[in-house]
Amino acid sequence: MNAMLETPELPAVFDGVKLAAVAAVLYVIVRCLNLKSPTAPPDLIYQDTALSRFLLKSCPLLTKEYIPPMIWGKSGHIQTALYGKMGRVRSPHPYGLRKYLTMSDGATATFDLFEPLAEHCIREDVTMVICPGIANHSEKQYIRTFVDYAQKNGYRCAVLNHLGALPNIELTSPRMFTYGCTWEFGAMVNYIKKTFPQTQLVVVGFSLGGNIVCKYLGETQANQERVLCCVSVCQGYSALRAQETFMQWDQCRRFYNFLMADNMKKIILSHRQVLFGDSVKQPQALVDSDLSRLYTATSLMQIDDTIMRKFHGYSSLKEYYEKESCLHYLPRIYVPLMLVNAADDPLVHDSLLSIPRALSEKRENVMFVLPLHGGHLGFFEGAVLFPEPLTWMDKLVVQYTNAICQWERNKSQCSDTEQAASGQE
């Protein structure tokens with residue numbers, strides 16, 4: 001009798017369990033997608049100068065809210081994953097000419113050259129020299145999207161193809177691109193300077209490319225000649241400091257590390273004959289034992305220690321990371337420098353962001369831009385679900401560069417006016 005009376009209550013119990021399960025799932029979704037995270041203008045660290053005040057007036061994106069897609073845009077992981085898988089959506093196909101440069105060690109550097117599609121805002125000849133992220137090249141969708149937008153704003157673009165990254169270009173020497181080698185980028189810049197003697201340069205680097213361009217500019221004062229400004233997006237500034245954080249599971253960095261290492265292994269193995277062939281001769285030639293360790297590597301650090309540092313004869317991984325990072329070169333850059341990172345970048349630990357913060361607090365030419373969202377090279381925008389092809393990052397880099405060009409133009413006009421006035425006197 002009691003059992004018969006209790007039976008009708010069972011469906012209510014099941015409904016309660018279902019509601020609890022739904023609530024738990026919704027809670028996880030809200031937490032994972034960071035739906036409660038606010039939108040805000042990017043955090044800016046800079047010195048109060050005439051240039052910085054001009055930039056704040058001329059670049060609305062610096063003071064305006066960055067609003068990512070509503071459902072998933074506040075997740076740094078999804079932004080990063082979409083960039084990694086898609087690069088960009090509905091990306092254009094700009095037409096460029098591929099250039100080949102022979103390096104002193106027999107390596108063949110390549111870059112793609114894209115002419116402007118419109119008149120520049122100050123009606124001058126300006127070339128963007130662009131260094132992509134790790135193992136990337138001019139055919140990547142995020143590069144194509146950015147180049148197309150820059151061309152339509154009157155910029156010539158030269159995009160470096162990292163040595164060994166293009167699948168259809170064979171290596172001609174036993175060396176690939178590395179974390180901080182500036183040789184190929186420097187060769188591309190020198191070609192542009194010689195071929196277009198009237199052009200001024202805007203230096204742009206994405207992720208690993210940000211490290212390379214900043215190191216290049218800081219290596220010698222001559223590298224900054226004819227350079228209007230430099231923009232670095234989503235770099236980590238110090239591989240030595242990042243080494244420990246990149247092995248942690250916090251924010252899934254260890255998983256990203258594994259995925260990037262797996263991609264690097266595939267690229268290295270695609271050039272196995274050139275890198276590990278019997279005819280290879282170099283100070284620290286790669287041997288069969290290095291190839292065996294490469295197969296078992298599960299992190300970028302293991303690959304760097306086994307393979308990459310040996311291209312330049314470094315005796316240890318610590319020496320390689322210390323010498324190849326741009327950290328010690330940043331104070332030697334005197335042109336306007338904008339450093340951009342995202343607070344939710346899963347690859348760049350928050351401790352690394354103290355480097356650009358400290359630099360921008362001391363140097364008048366540096367501005368550090370830190371939006372809350374964007375992931376690693378994501379920065380997608382869009383109403384609810386589907387992102388727009390052009391990202392906040394694409395627009396910010398061009399907007400900042402336009403402002404710098406206008407600033408230099410104004411300075412030049414003021415100088416001409418002063419000279420004319422003094423001549424009349």
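**Exercise 1.** In this predicted model, work out how far helix 6 is enclosed by the rest of the structure.

*Solution.* Start with the cut-off: a residue is buried when its relative accessible area is under 20%. Next, go along the helix and pick out the residues that pass: Y142, I143, R144, T145, F146, V147, D148, A150 and Q151. That makes nine of the twelve residues buried, so helix 6 is largely enclosed by the rest of the structure.

**Exercise 2.** Check whether the end-to-end distance of helix 6 agrees or disagrees with its expected span.

*Solution.* Helix 6 covers residues 141-152, twelve in number. Take 1.5 Å times one less than the number of residues, and you should get 16 Å. Now compare: the end C-alpha atoms sit 17 Å apart, which agrees. Just past the helix, have a look at G154, which has a positive phi, near 90°.

**Exercise 3.** Describe the largest pocket: its volume, then its lining.

*Solution.* First, the volume comes out at about 1400 Å³. Then find the centre: among the 50 lining residues, I134, Y256, M260, L300 and L347 are the closest to it. Now sort by element: helices giving two or more residues include helix 5 (76-86), helix 6 and helix 13 (300-306). Helix 10 gives the most, with eight residues. Finally, split the lining by class, and you get 30 nonpolar, 14 polar and six charged residues.

**Exercise 4.** Do likewise for the second largest pocket.

*Solution.* Its volume is about 190 Å³. Of its 15 lining residues, Q251, A343, D344, D345 and P346 lie closest to the centre. By class, the lining holds four nonpolar, six polar and five charged residues.

Note on methods:
Residues are numbered from 1 along each chain as its sequence is written. This is a predicted model: local features need pLDDT of at least 70, side-chain atom pairs count only at pLDDT 80 or more; totals for chains, interfaces and linings use all residues. Side-chain values use heavy atoms; hydrogens and water are left out. Helices (H or I, at least four residues) and strands (E, at least two) are DSSP runs, numbered from the N terminus. Buried means under 20% relative accessible area, exposed over 50%, partly exposed in between (1.4 Å probe, protein chains only). On a 1 Å grid over the protein atoms alone, a cavity is a set of points where a 1.4 Å probe fits but cannot get out, and a pocket is an open set with protein on both sides within 12 Å along at least five of seven lines; lining residues have an atom within 4 Å of a point. Grid points are joined across faces, edges and corners, and a volume is the space filled by probe spheres set on the points. Ala, Val, Leu, Ile, Met, Phe, Trp, Tyr, Cys and Pro count as nonpolar, Asp, Glu, Lys and Arg as charged, and the others, Gly among them, as polar.
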